[in-house]
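Dear colleague,

I am handing over the structure below, with an account of what was found in it. Please read the notes alongside the coordinates.

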Amino acid sequence: MISTTFTPAGVRAAVAAAIRAPSLHNSQPWRFRLSDGGIEVRIDPDRLPRVSDPNRWAARLSCGAAVFNLRLALAVAGTPAEVRLRPHPHDLDTVALLVPARPRPATPAEQDLYSAIFRRHSNRRPFWPNPVAADARWRLIEAARAEGAWLEMVIGAAAVQTVAEIARSANRVLERDCAYRAELTRWIRTSPAGDGIPVEAGGPVPEPQDLLPQRAFGVRTRAPGRDFEPEPLVAVLGVQGDSATDQITAGQALQRVLLTATDSRLAVSMLSQPIEVPRAREQLRLALGRYGTPQMVMRIGYGQPGGPSAPRRDVDETIDLA
Ligand SMILES: Cc1cc2nc3c(=O)[nH]c(=O)nc-3n(C[C@H](O)[C@H](O)[C@H](O)COP(=O)(O)O)c2cc1C
């Protein structure tokens, strides 16, 4: 039934979709509050990986992605949301307020992306060597553009090498930091938990011949010859600037790109080391020759369907229905 307000049951269902958003180390740094008939999305300061995300860039991206999922879930339930980013400009932790807009039926595109929310997960395993089809690439570029972002496909072996070298050198910088390494280890899970990254969701243990520096969450060594695809499709998502609002916008665009990829039967893993190290991020920006700020690097391809996904905390742990 179509409603002109968000009901507690509707909010709960929408939050169940929101928390499927990606987050750095699966930290899930969000809280949702039913406030004056709207839904407020806030950064949860108790859940931040503080060494890896000192300026809350990753938390804003993650919360932006959660906002995109909320938008889809509310639209599919018949009452889409009007979204106000950073509704209290002096409060950096309130990411967005979603208020009910005029009821209307969901579009087929919204329904497709909504159903992809529950199938999407990061895939850190090697992909098939097949190149990603041109129409699928185009859909991803359009998905970023529809959310006010850009997606640059890194084309040609030399350009991919350049981006990979920037990412590897950023990874070396981060790995030299003991506090960073210790924090990463704290988010790896070897037994069931509601957050963090289970070792089964990690990729194979990194080896020197790897082009891209995948984060070492896994414990499985690979069989001889089972390397990563030789010519990965690397794409960089960016937005105009790097303000808090830009980062939330980037999060929404990231999620639209990821869900569009899932809907196109593509697998994706994310690499944020070149974004986390300021010098690397600047090198990446210069290498792309684009106006704006890179916000995420992705490896995209055709992977084995299914595969392990990271858990989520219970909806009730994230929501204040006061
Ligand atoms: C801001 C941000 C940075 C991320 N950086 C990485 C990364 O460097 N390496 C990686 O393997 N995954 C990265 N991820 C993916 C998260 O680890 C992943 O979303 C989380 O574990 C939840 O798993 P899921 O994507 O399978 O739902 C990042 C995600 C976000 C939102």
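Sorted by class, the residues that line the largest pocket are 11 nonpolar, nine polar and eight charged. Please keep in mind throughout that this is a predicted model. The largest pocket holds about 430 Å³ of space, and of the 28 residues in its lining, those closest to the centre are Arg125, Pro126, Phe127, Arg226 and Gln304.

Turning from the pocket to the enclosed space, the count comes to one cavity of 30 Å³ or more, and about 500 Å³ of space lies in the largest cavity. Its lining is made up of 32 residues, of which Pro22, Ser23, Ser122, Arg124 and Met270 are the closest to the centre. Two elements, α2 and β9, give two or more residues each to this lining, and α2 gives the most, with five residues. By class, the lining of the largest cavity divides into 16 nonpolar, 11 polar and five charged residues.

Where, then, does the ligand sit in relation to these spaces? The space that the ligand takes is the largest cavity, and the elements that give two or more residues to the shell around the ligand are α2, which spans residues 57–76, and β9, which spans residues 267–271. Within that shell α2 again has a place to note, as it gives the most, with three residues.

The shell itself consists of 22 residues that surround the ligand, and the closest of them are Arg120, Ser122, Arg124, Arg215 and Arg312. Ser122 and Arg124 are thus named among the residues closest to the ligand, and both are also listed among those closest to the centre of the largest cavity. By class, the shell contains 10 nonpolar, eight polar and four charged residues.

Which side chains place a polar atom at a short listed distance from an oxygen atom of the ligand? For Ser122, a polar side-chain atom lies 2.6 Å from an oxygen atom of the ligand, and for Arg312 an N or O atom of the side chain is likewise 2.6 Å from a ligand oxygen. In the case of Arg215, the distance between a side-chain N or O atom and an oxygen atom of the ligand is 2.7 Å. As for the cover of the ligand as a whole, the protein covers 99% of the 620 Å² of accessible area that the ligand has on its own.

With kind regards

Methods:
Residues numbered from 1 in each chain as written. Predicted model: local features only at pLDDT ≥ 70, side-chain atom pairs only at ≥ 80, totals over all residues. Heavy atoms only, no water. Near = heavy atom within 4 Å. Polar contact = N/O pair within 3.5 Å; in protein donor to acceptor, adjacent residues only side chain to side chain. Areas by Shrake-Rupley, 256 points an atom, 1.4 Å probe, with all protein chains shown as cover. 1 Å grid on protein atoms, 1.4 Å probe; cavity = no way out; pocket = protein on both sides within 12 Å on 5 of 7 lines; lining within 4 Å. Sits in = over half its atoms within 2 Å of the grid points. Helix = DSSP H or I, 4+ residues; strand = E, 2+ residues; numbered from the N terminus. Nonpolar A, V, L, I, M, F, W, Y, C, P; charged D, E, K, R; others polar. Points joined across faces, edges and corners; volume = space filled by probe spheres on them.
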